[in-house]
Amino acid sequence: MTRTLKALCGALILAGSTSANAAGLRGDYIEARTADVYTGPCFSNAEIFIYGDSAVMAWKVTEGSFNGVKLDGLGIAAAVRGTTTFSEDKPEKAKSVLIVDRNANPKQREALIAMAKSLAGKRLDSVVEVRTSLISLTVEAHASAEPTAHHGMPHAPLGTFWAPGLAEISTRPLGDGDHMCGNETVAYAPLSKSVDVLPAYTLGHHFKAPGLGGNWDDPNCRSSFVGHFSL
């Protein structure tokens, strides 16, 4: 109980500190991993310590500032490789590659990197490379947590992310055909703080760049989160 209270207090202090750096900051968010995030224990228990150590996450600011710098319309992404399945890894030992919007000026680039690090935490402590690229991130306006058909599956918005030649995510809402064992739930928390997301089906998810010990390509699984972030 004491450890839980200490952790909660620490999270509240960090949230307050981060909010002080951000002025009305909000935007779209997408994340895809190399393991199902919406699944039953029969699947997650089989995958833990084997899969789910790699991910791409991306943020696009619709409006707001970070560290006093306006970031409207700009985006940043992070490809991350952890020591094992993200729920069991040592976050401070993860390696990452950042992809920064090519339309950002030097001050905006610095602010975007600081924003991503504040949202993703220790998993972005060790950045092995920073790339610049066109960044396209779209989250459709409609999202619903209402159950679909018979199985009560969440209905995320459509989401797409693209950094040409580097990384891509495309998703669709979960449907009845994605219901397998009957005990599905959100098995893992998103890798970013301050997000309002729903799990989604991953149609495409890949990353290709040196620095993380290899590329990955992991489509056709229930491995994404799609939604929004705000500070």
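This report describes one strand, its neighbours and the nonpolar cores of a predicted model.

**Strand β6 and its partners**

Strand β6 comprises residues 95-101, and six of these seven residues are buried, so the strand is largely enclosed by the rest of the structure. Here, a buried residue has under 20% relative accessible area. The table lists the two strands that pair with β6.

| Partner of β6 | Residues | Direction | Bridges | Opposite residues |
|---|---|---|---|---|
| β5 | 75-81 | antiparallel | six | V80 and S96 |
| β7 | 127-133 | parallel | six | L98 and V130 |

Between β6 and β7, the chain passes through helix α3, residues 106-120. This β-α-β crossover is right-handed.

In a regular strand, the side chains alternate between the two faces of the sheet.

**The nonpolar cores**

The largest nonpolar core contains 33 residues. Those touching the most other members are M57, W59, L71, I76, L112, M115 and F229. At least two residues of this core come from each of β1 (22-33), β3 (54-66), β5, β6, α3 and β16 (221-230). Helix α3 contributes the most, namely seven residues.

The surroundings of M57 can be given in detail. When neighbours within four places in sequence are set aside, M57 is in contact with Y29, I30, E31, I76, A77, A78, V80, A120, L191 and S192. V80, one of these contacts, is also the residue that stands opposite S96 in β6.

Another core, of 24 residues, lies apart from the largest one. Its members include A32, V97, I169 and V226.

Definitions and conventions. Residues numbered from 1 in each chain as written. Predicted model: local features only at pLDDT ≥ 70, side-chain atom pairs only at ≥ 80, totals over all residues. Heavy atoms only, no water. Buried < 20%, exposed > 50% of the residue type's maximum accessible area, 1.4 Å probe, protein only. Helix = DSSP H or I, 4+ residues; strand = E, 2+ residues; numbered from the N terminus. Pairing = 2+ DSSP bridges. Right-handed = clockwise from strand over helix to strand, strands pointing away. Core = buried A, V, L, I, M, F, W, Y, C linked by side-chain atoms within 4.5 Å. Contact = heavy atoms within 4.5 Å.
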